[in-house]
Amino acid sequence: MKTINKSLLTTAGILLGLLSCSEPELPTPNTFSSGATYKATFSFANATVDAPSLDFYVNGVKLGSATPGGGSSLVTTVQIPTPGISGGVTANTAIRARATSGTIGGKLGSADLIFRATNNGTGIFAAVNNANYTVIAVDSINRPVPVRLNRQTATIAFADVTYWNPNTQSMITASRRDSLNPVNCPACLNWDGAAQNPSTATEYANLVTVGLVPLGLTDPGGVRFYVTTDAPLTFNAGNVATNAGIRFINAVANANGISAAPNANGTFGGPAIHARLRPSAGPNITLASGTSSVVSVAGGFSPTVGSRTAGNLAFTSQTIATAGTPTVYTLEVATDAGYTNILYSTSVSFLPGKNYTVFVRGMAGATGTKAITHGVITH
């Protein structure tokens, strides 16, 4: 009897040992679970000048792909680890994009485009529970890295505003800018005694303000993210068949008001733009009146961080249909309020009861793949 009991115990021990060594089957995690405690919704678009098709990732999960001028195929709700509000860990969401094939190129090379919350770190985005966001890749792969430069005086050098010189494709100091000012140098000559070509006045007029570059800047240059918080409009029985919510984003990389004279061979200097929706009959819908690009501040571009957050970029209710029949519009982008110098025009239409983000991308004055085009995101 004792022998039998010992045998049974030995067998049971062996079986338990084998079971303990095997890997248990665990359920596959469901990132998009509707039962998640905290959630946020994301849309994505590619409004870059020259980046390739980009895959969009939130917290390591691919949400879709977008070619230049296009949006991703999905508006996706994803799980976030915290509520992202006061009293919680607000920085909770990693946002990045990588080339669908190959590399992004330019200043980023083979690196991913990542959301940078601070100017001297990588940082992550602070998503709020149940909020909606649109993440747009903007700018050019060749956007130069801002450089912190000093103003040189006879007695001291100190950090001052940096300027981008599109004629020489370089960052210059404020003191160098002063030397280009025709007021300070009315008859400047080159080292060989010949007159400057382009003229000093032309070169000075085309300088792009970068700003005071902060210490420890981690902006790698190239393309970057622009993020909006979305609050889509709701429609009632009185306007659901006639109105849509529309907002506009100017992502033309060189639309920054640098238009005093043509650039000799540079980039990133161009006019602020006007945009409207013109119907075949009826009132125009103004989208932008001489606005600078989201890529830049007015007359320059901001070096403070490699990503930009716009907060709640509001939709405006517009009458775009008659009894449910959409009006066909011409989207026009121009350098002047009278629309005598139109840079881009195309036919667009919208369905009532929905919300849309209309964006324009490219570069003013460019041709081919870098010419101005548009995209529409449906929310």
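These are my notebook entries on what I looked up in this structure, which is a predicted model.

**Entry 1: the whole chain**

I began with the overall make-up, and I noted three helices and 24 strands in the chain. Of the 379 residues, 44% are buried. I then looked at how far apart in sequence the touching residues are: among contacts between residues at least 6 apart, 68% join residues at least 24 apart. The chain exposes about 17900 Å², and carbon and sulfur atoms supply 56% of that area.

**Entry 2: the nonpolar cores**

Which residues have the most contacts inside the largest nonpolar core? I found F42 and F225 in that place, in a core that has 29 residues. The elements that give two or more residues to this core are β1, β2, β3, β5, β7 and β13, the last of these covering residues 224-230. A second core, separate from this one, has 24 residues, and I listed I273, L277, Y344 and V358 as included in it. I kept a general remark beside this entry: in soluble globular proteins, nonpolar side chains tend to be buried together.

**Entry 3: strand β2 and its two partners**

Next I turned to β2, which covers residues 54-58, and I found that five of its five residues are buried. Which residues of β2 point one way and which the other? L54, F56 and V58 point one way, while D55 and Y57 point the other way, and all of them are buried. I recalled the general pattern here, that in a regular strand the side chains alternate between the two faces of the sheet.

I then followed the pairing of β2 in both directions. Five bridges join β2 to β3 (residues 61-66), and the two strands run antiparallel; within this pairing, L54 has A66 as its bridge partner. The hairpin of β2 and β3 has two residues between the strands, and N59 takes a positive phi near 50° there. Five bridges also join β2 to β5 (residues 95-99), again in an antiparallel arrangement, and in β5 the bridge partner of D55 is R98.

**Entry 4: N46 in strand β1**

I looked up N46, which has its place in β1, the strand of residues 39-48. Its relative accessibility is 0%, so N46 counts as buried. The side chain of N46 reaches the backbone oxygen of P52 at 3.1 Å. Leaving aside neighbours within four places in sequence, I found N46 in contact with several residues, among them L54, A66, A137, F359 and R361. Two of the names on that contact list, L54 and A66, were already in my notes as the bridge partners between β2 and β3.

**Entry 5: R143 in a loop**

Is R143 buried or exposed? R143 is found in the loop between β7 (132-139) and β8 (149-152), and it counts as buried because its relative accessibility is 2%. I noted that R143 and G222 are 79 residues apart in sequence, although their C-alpha atoms are 4.4 Å apart in space. Apart from neighbours within four places in sequence, the contacts of R143 include K107, G222, R224, F268 and F301. A253 is also in contact with R143, and the side chain of R143 reaches the backbone oxygen of A253 at 3.5 Å.

**Entry 6: two residues with positive phi**

I wrote down the general rule before this search: most residues other than glycine have a negative phi. N130, in the loop between β6 (113-114) and β7, has a positive phi near 70°, and it counts as exposed because its relative accessibility is 56%. D139 is found in strand β7 and has a positive phi of about 85°, although it is not a glycine. D139 counts as buried because its relative accessibility is 0%.

**Entry 7: an open sheet of four strands**

Last, I traced an open sheet of four strands in the order β16-β15-β21-β22, with antiparallel pairing. Why is one side of β16 and of β22 left without a neighbour in the sheet? β16 (285-291) and β22 (342-349) stand at the edges and have a single partner strand each, so one side of each has no neighbour in the sheet. Neighbouring strands of this sheet are turned by 15° against each other on average, direction ignored. I looked more closely at one pair: seven bridges join β21 (residues 328-334) to β22, and the bridge partner of E332 in β22 is S345.

Key
Residues are numbered from 1 along each chain as its sequence is written. This is a predicted model: local features need pLDDT of at least 70, side-chain atom pairs count only at pLDDT 80 or more; totals for chains, interfaces and linings use all residues. Side-chain values use heavy atoms; hydrogens and water are left out. Two strands pair if DSSP finds at least two bridges between them. Axes are lines fitted to C-alpha atoms, for helices over the stretch in contact, and angles run from 0 to 180 degrees between N-to-C directions. Buried means under 20% relative accessible area, exposed over 50%, partly exposed in between (1.4 Å probe, protein chains only). Contact means heavy atoms within 4.5 Å. Accessible areas come from the Shrake-Rupley method with a 1.4 Å probe; for residues, only the protein chains shown count as cover. A polar contact is a pair of N or O atoms within 3.5 Å; within protein, one must be able to donate a hydrogen and the other to accept it, and residues adjacent in sequence count only if both atoms are side-chain atoms. A nonpolar core is a set of buried Ala, Val, Leu, Ile, Met, Phe, Trp, Tyr and Cys residues joined through side-chain atoms within 4.5 Å.
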